[in-house]
Every structure is written in structure tokens, then in C-alpha cells.
Amino acid sequence: MLGVTDASEARGERNVNFLSNVLDYTYEVVNGGFVFQPSFSVGTSYLDFGSMTEHGAASQNAVIHGGSETHLWVEPAIGGRYLVNFGSGASLRTFARLGLLQYVSGTSTKVRAGLEGAPLEVAPMRIGSDLDRTHVVGEAGMQFQTPGGFTLGLSYTQRESEIREGGAGSLRFVLPLK
């Protein structure tokens with residue numbers, strides 16, 4: 001066992017602001033209860049992160065440098081919805097969508113960090129993460145609604161690229177109070 005420093009506890013706070021926007025064009029082709037939806041989206045995201053210096057570990061306090069990043073992407077997609085109305089007045093809506101998200105610029109993110117007590121001639125560490133240029137995005141779900149306003153919805157989104165994957169599900173339950 002090699003002891004380099006004494007154990008200590010340090011704390012710090014860092015502000016991170018995120019702004020994103022999407023411009024989407026979706027065309028609908030309707031046939032009975034089925035709606036086919038080809039679409040094209042252009043989006044940007046802006047990430048602004050403040051600097052942070054920990055407190056409590058003296059010269060071992062981490063120092064994280066602030067900065068900002070902008071990412072631009074496009075996403076062509078195809079989707080569809082299907083609506084079934086029941087004689088009771090209830091309805092069931094289903095949907096599915098498959099897209100190909102392509103980053104045009106800003107395909108990586110970086111963090112610069114160091115130690116408060118490091119000599120001035122020592123450059124901060126640079127940690128980069130590749131966001132991957134191309135992502136496949138899939139979504140599917142359903143929503144059941146009664147005439148009285150009770151709603152039950154389920155959906156799932158999956159996003160995959162060559163080096164990353166992630167998914168998220170949601171459950172929506174609405175019971176109107178009258």
C-alpha cells in the first residue's frame with residue numbers, strides 16, 4: 001500500500017446552465033385512424049458551466065475550470081400514430097417513431113481540472129468525452145383515455161450510437177378531481 005496524501009473531505013458547488021431548442025417540420029399523411037409522419041428536425045444545445053474550487057482539503061482541493069459548449073444536430077425521422085375510438089367514448093392512441101440524429105458540430109465535451117496546490121507550471125488535466133456523431137433514436141408508446149378524463153399513458157425512448165446507449169421510460173396517470 002502506498003500512501004500519497006492524508007484522507008480528507010472536500011466540498012464544492014458548481015452552476016451548470018443548459019439551453020436547448022428544436023425546429024421541427026412534420027408532414028402528416030392520414031388514412032383512417034392511422035397517421036404516417038415523416039419529419040425533419042434541426043436542434044442546438046448550449047451548455048454553460050461555471051468554475052468551482054472545493055473547500056476542506058487545502059492544497060488537494062479540486063479546481064474545475066468553467067466554460068461553454070454548443071452542439072448542433074439534425075434528425076430525419078419517420079413515425080406513425082394510430083387512434084382507436086371505442087363505443088364507450090374511450091380512446092386508445094398508439095405511436096412509434098424512429099430517427100437518425102446526426103451531430104453537425106460539437107461532437108465532444110471537455111472538462112479541465114486540477115489541484116489548488118499544484119505548481120503554476122503544471123497544466124490542468126483535460127478530460128474529453130466523445131458524444132459520437134450518429135445516434136439512432138426510437139420511441140414507442142400508448143395512451144388510454146376515458147370520456148371522464150382518466151388517462152393512462154406509457155412510453156419508452158431508446159437512444160444508441162457506436163459507443164453509447166441509453167433508454168428512458170415514462171408512466172403517466174391522470175385522475176381528474178371533479
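These are my notebook entries on the fold, surface and salt bridges of one protein chain.

**Entry 1: the fold.** I began by noting that the model is a predicted one. I then went looking for helices and strands, and I found zero helices and twelve strands. Its radius of gyration is 24 Å, well over the 16 Å that the globule rule gives for 178 residues, so I wrote the chain down as more spread out than a compact globule. I also noted the box that the C-alpha atoms fill, roughly 75 × 40 × 35 Å along the principal axes.

**Entry 2: inside and outside.** I looked up burial next: buried residues make up 20% of the 178. The accessible surface comes to about 12200 Å², and carbon and sulfur atoms hold 59% of that.

**Entry 3: charges.** I found 13 positive and 17 negative side chains, with the centres of the two sets 9 Å apart. Side chains of opposite charge can pair when their charged atoms come close. My search of the whole structure gave four salt bridges.

**Entry 4: a pair on the outside.** One of the salt bridges joins Glu9 and Arg11, at 2.9 Å from N to O. Glu9 is exposed at 56% relative accessible area, and Arg11 is exposed at 60%.

**Entry 5: Arg97 and its partners.** Which residue forms a salt bridge with Glu75? I found Arg97 there, with the closest N and O atoms 3.2 Å apart. Arg97 sits in strand 7 and Glu75 in strand 6, 22 residues apart. Glu75 is buried at 6%, while Arg97 is partly exposed at 22%. Arg97 also meets Glu139 in a salt bridge, at 3.2 Å. Glu139 lies in strand 10, so this pair ties together parts 42 residues apart in sequence. My last note: shared partners join Glu75, Arg97 and Glu139 into one network.

How values were computed: Residues numbered from 1 in each chain as written. Predicted model: local features only at pLDDT ≥ 70, side-chain atom pairs only at ≥ 80, totals over all residues. Heavy atoms only, no water. Helix = DSSP H or I, 4+ residues; strand = E, 2+ residues; numbered from the N terminus. Rg over C-alpha atoms; globule rule 2.2 N^0.38 Å. Buried < 20%, exposed > 50% of the residue type's maximum accessible area, 1.4 Å probe, protein only. Areas by Shrake-Rupley, 256 points an atom, 1.4 Å probe, with all protein chains shown as cover. Lys, Arg positive; Asp, Glu negative; His and termini not counted. Charge placed at Lys NZ, Arg CZ, Asp CG, Glu CD. Salt bridge = Lys/Arg side-chain N within 4 Å of Asp/Glu carboxyl O.
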